[in-house]
Amino acid sequence: MDLKTLRGIAELMDEHGLTHLKMDVDGGKLEIDRGPREVLAPQQQPVVVLPGGGIPAAPAACAVAPAADAAPAAAPAAPAAPAVEVVEPVAPAPDDGTLEVEAPMVGVFYAAPAPGAEPFVHVGSQVKKGDTLCIVEAMKCMNEITAERDGEVVDICAQDGELVEYGRCLMKLR
């Protein structure tokens, strides 16, 4: 395929708003992936991988796979690494003896064993290691969350029936 034909295909893609095209051409395969329509910075340009693992030396919007009898493309130098912003770590809060009880999985938080029943704990409740604090339902399984140590419930951070993420603070013990 010559460059003039390839440019014609690219113009037709522009004209019709196409971003991806695959077709058989001259005994080989042609795949054009223009990606998003916004302008990309040089380090964001799409990379085209040719059969045999070769990568074109310059970023390209399209590539023509060579015919079966053609030699694979030579591998170019590694692309430049994108800029990395260095962020200073946040210092942990001072340890005041508070233990955050975190959700061990994604699920629904239940403060009580059944709808309308008394909650397992309230703010101010004294708990012993192993006492049930709440339930997290995941995939129809009721998972009891128990106290890791003796203490007092100082805050309940989730609402009954609320979907909680993994690692979310459910309640705090002191």
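# Note on a predicted model

1. M139 counts as exposed, at 80% relative accessibility. The structure under review is a predicted model, and every remark below should be read with that in mind. M139 is found in the loop between β7 (132-138) and β8 (141-146). Its phi is near 55°, a positive value in a residue other than glycine.

2. The neighbouring residue K140 belongs to the loop between β7 and β8. K140 has a relative accessible area of 74% and is therefore exposed, since the term applies to values over 50%. The phi of K140 is near 65°, a positive value in a residue other than glycine.

3. What do β7 and β8 form, and how many residues stand between them? The two strands form a hairpin with two residues between them, and M139 in the turn has the positive phi of about 55°. The strands pair in the antiparallel sense over six bridges. Within this pairing, A138 stands opposite C141 in β8, while the bridge partner of C134 in β8 is I145.

4. Is β7 mostly covered or mostly open to the surroundings? It is mostly covered, for six of its seven residues are buried. The contrast with the turn is instructive: M139 is exposed at 80% relative accessibility, and K140 is exposed at 74%.

5. The hairpin is part of a wider arrangement. An open sheet of four strands has the order β8-β7-β5-β10, with antiparallel pairing. Its edge strands are β8 and β10, each of which pairs on one side only. The pairing of β5 with β7 is antiparallel and runs over three bridges; there, F109 stands opposite V136 in β7.

6. Where is A103 found, and is this residue buried or exposed? A103 is found in the loop between β4 (99-102) and β5 (107-110). Its relative accessibility is 2%, so A103 counts as buried, the cut-off being under 20%.

7. Which residues does A103 touch, apart from those up to four places away in sequence? They are V164, E165, Y166, G167, R168 and L170. A related distance concerns A103 and C169, which are 66 residues apart along the chain: their C-alpha atoms are separated by 6.4 Å.

8. R168, one of the residues that A103 touches, also takes part in a salt bridge. Its partner is E162, and the closest N and O atoms are 2.9 Å apart. A search of the whole structure finds one salt bridge. As a general principle, side chains of opposite charge can pair when their charged atoms come close. R168 counts as partly exposed because its relative accessibility is 26%; E162 is likewise partly exposed, with a relative accessible area of 26%.

9. A nonpolar surface patch of about 360 Å² is made by V106, L163 and Y166. Of these, Y166 is among the residues touched by A103. L163 lies in strand β10 (residues 163-164), which is an edge strand of the sheet. Why is L163 classed as exposed? The reason is its relative accessible area of 55%, since the exposed class takes values over 50%.

10. The chain as a whole has one helix and 11 strands. Read along the sequence, it follows the pattern α-β-β-β-β-β-β-β-β-β-β-β. Buried residues make up 21% of its 174 residues. Its accessible surface comes to about 12,300 Å², of which 57% belongs to carbon and sulfur atoms.

11. Among contacts with a separation of 6 or more, 50% are between residues 24 or more positions apart. The pair A103 and V164, which touch, may serve the reader as an example to locate in the structure.

12. Confidence in the model requires comment. The mean pLDDT of the protein chain is 75, and 64% of its residues reach 70 or more. Over residues 54-65, pLDDT stays under 50. For that segment, the model has 33 contacts beyond four places in sequence. These contacts belong to a segment with pLDDT under 50, and the reader should keep that value beside them.

Conventions: Residues numbered from 1 in each chain as written. Heavy atoms only, no water. Patch = residues over 30% accessible without salt bridge, like charges linked within 9 Å, V, L, I, M, F, W, Y side chains within 5 Å. Areas by Shrake-Rupley, 256 points an atom, 1.4 Å probe, with all protein chains shown as cover. Salt bridge = Lys/Arg side-chain N within 4 Å of Asp/Glu carboxyl O. Buried < 20%, exposed > 50% of the residue type's maximum accessible area, 1.4 Å probe, protein only. Pairing = 2+ DSSP bridges. pLDDT = per-residue confidence, 0-100. Contact = heavy atoms within 4.5 Å.
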